[in-house]
Amino acid sequence: MNTIKENSKRTFNQQAATYDSDIKGQHARTLYPYILKLLENDSFSSLLDLGCGTGELLYQIQQKYHSERLVGIDISDKMISIANEKKIDKAHFILGDTEYLPFDNNTFDVVICNDSFHHYPSPEKVLDESYRVLKNGGLIIIGDCWQPPLARQIMNIYIKYSKEGDVKIYSKKEMLSLLSRRFHNVTWEHIGTTSCISYAIK
């Protein structure tokens, strides 16, 4: 495992116990309602959450949509432990790497990734794997950080020295370009003051 991933794992292991309630998980939590709203327009029975953390978003999805199969994958064993403790109906949690998804092709109706995309050293590989495991016509949703151009440039300089596993904050243009490599009907939305959501169809 490379240093960035090791840093991410250590960081989220340290944050796991209080992630659902403290400031460390606040940004992720602000995006939950927007992702839930997007899922209203999609008929799905199976969903994969990349960087699922404590499983709280999957819990809320199951409460609202009663999916047949929910799967979460995360690099942090302590996050996975907390997710398992929630005993979410029809949900399964896996310790693993989003660059190497342990699923067959065309498995899921939806893939979501909330507040973890900026931690991935190889975003293209994560998106390629997401594309592979999505069914034809499946939906991918990515919620993440956003900053205006100057602030983003400054933050991306400092991120290079991050010990928490951060890699890069992406611009609208960069997210559209990354998703358009494989997906179509690509959409990007600015949410609040520090967030964005991108979504597209396989």
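A pocket, as I use the word here, is an open set of points on a 1 Å grid over the protein atoms alone, with protein on both sides within 12 Å along at least five of seven lines. I note at the outset that the model I am reading is a predicted one.

Entry one, the largest pocket. I looked up its volume and found about 470 Å³ of space in it. Of the 19 residues that line this pocket, I list D115, H118, C145, E164 and D166 as the closest to its centre. I then asked which elements give two or more residues to the lining, and these are α1 (3-15) and α6 (149-159); α1 gives the most, with three residues. Sorting the lining of the largest pocket by residue type, I have eight nonpolar, seven polar and four charged residues.

Entry two, strand β5. I checked burial along residues 134-145, taking under 20% relative accessible area as buried, and nine of the twelve residues of β5 fall in that class, so the strand is largely enclosed by the rest of the structure.

Entry three, the partners of β5. With strand β4 (residues 108-114) I find six bridges, the two strands running parallel, and within this pairing C113 stands opposite I142 of β5. Following the chain from β4 to β5, I pass through helix α5 (residues 123-133), and I record this β-α-β crossover as right-handed. With strand β7 (residues 195-201), β5 shares seven bridges, and here the strands run antiparallel; as one pair in this register I note L139 of β5, whose bridge partner in β7 is I201.

Notes:
Residues are numbered from 1 along each chain as its sequence is written. This is a predicted model: local features need pLDDT of at least 70, side-chain atom pairs count only at pLDDT 80 or more; totals for chains, interfaces and linings use all residues. Side-chain values use heavy atoms; hydrogens and water are left out. Buried means under 20% relative accessible area, exposed over 50%, partly exposed in between (1.4 Å probe, protein chains only). Helices (H or I, at least four residues) and strands (E, at least two) are DSSP runs, numbered from the N terminus. Two strands pair if DSSP finds at least two bridges between them. A crossover is right-handed if, with the strands pointing away from the viewer, the path from the first strand over the helix to the second runs clockwise. On a 1 Å grid over the protein atoms alone, a cavity is a set of points where a 1.4 Å probe fits but cannot get out, and a pocket is an open set with protein on both sides within 12 Å along at least five of seven lines; lining residues have an atom within 4 Å of a point. Grid points are joined across faces, edges and corners, and a volume is the space filled by probe spheres set on the points. Ala, Val, Leu, Ile, Met, Phe, Trp, Tyr, Cys and Pro count as nonpolar, Asp, Glu, Lys and Arg as charged, and the others, Gly among them, as polar.
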